[in-house]
Amino acid sequence: MRQKLNRIVTAVALAFILMFATTDAYSQCAMCRATVESNVGTGSDESGNEVGSGLNMGILYLMVVPYLLIGTVGFLWYKNSRKNTNKA
């Protein structure tokens, strides 16, 4: 029982540390940034900020989808594993 509690505390602590020890993910790759700068100009135009913001949101959307899929598969695998352990 104590070992299980230690694992849970360790997992929560690791998740907490990883949640706050990240870099700013709201940015563009170098190639996307160069494309936006060449198409919009120097960024002084207000529509340029909208284009850059839309591009950032698209990048974040594409980044989140694989993590959600992997997380869902991992969660289902965990639930199935727990169900099989309880049956045995």
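Helix α3 is the main contributor to the positive patch on this chain, supplying four residues. The patch as a whole is built from Lys-4, Lys-79, Arg-82, Lys-83 and Lys-87, in a model that is predicted. Lys-4 sits in helix α1, which covers residues 2-20. With a relative accessibility of 48%, Lys-4 falls in the partly exposed class, because exposed would take over 50%.

As for the overall layout, the chain holds three helices and zero strands, so reading from the N terminus simply gives α-α-α. Not much of the chain is covered up: of its 88 residues, 6% are buried. The accessible surface adds up to about 8,000 Å², and carbon and sulfur atoms account for 66% of that area.

Turning to the nonpolar side of things, Tyr-61, Leu-62, Val-65 and Leu-69 together make a surface patch of about 440 Å². Tyr-61 belongs to helix α3, which spans residues 46-87. Its relative accessible area is 56%, so Tyr-61 counts as exposed, the cut-off being over 50%. Helix α3 thus carries Tyr-61 of the nonpolar patch as well as four residues of the positive one.

How far can the details be trusted? Across the chain, pLDDT averages 77, and 70% of the residues get to 70 or more. Confidence is not spread evenly over the helices: α1 comes out highest, with a mean of 85, while α2 (residues 30-40) comes out lowest, with a mean of 69. Where pLDDT is low, the predicted coordinates are not something to read in detail. Lys-4, for its part, lies in α1, the helix with the highest confidence.

How values were computed: Residues numbered from 1 in each chain as written. Predicted model: local features only at pLDDT ≥ 70, side-chain atom pairs only at ≥ 80, totals over all residues. Heavy atoms only, no water. Helix = DSSP H or I, 4+ residues; strand = E, 2+ residues; numbered from the N terminus. Buried < 20%, exposed > 50% of the residue type's maximum accessible area, 1.4 Å probe, protein only. Areas by Shrake-Rupley, 256 points an atom, 1.4 Å probe, with all protein chains shown as cover. Patch = residues over 30% accessible without salt bridge, like charges linked within 9 Å, V, L, I, M, F, W, Y side chains within 5 Å. Salt bridge = Lys/Arg side-chain N within 4 Å of Asp/Glu carboxyl O. Lys, Arg positive; Asp, Glu negative; His and termini not counted. Charge placed at Lys NZ, Arg CZ, Asp CG, Glu CD. pLDDT = per-residue confidence, 0-100.
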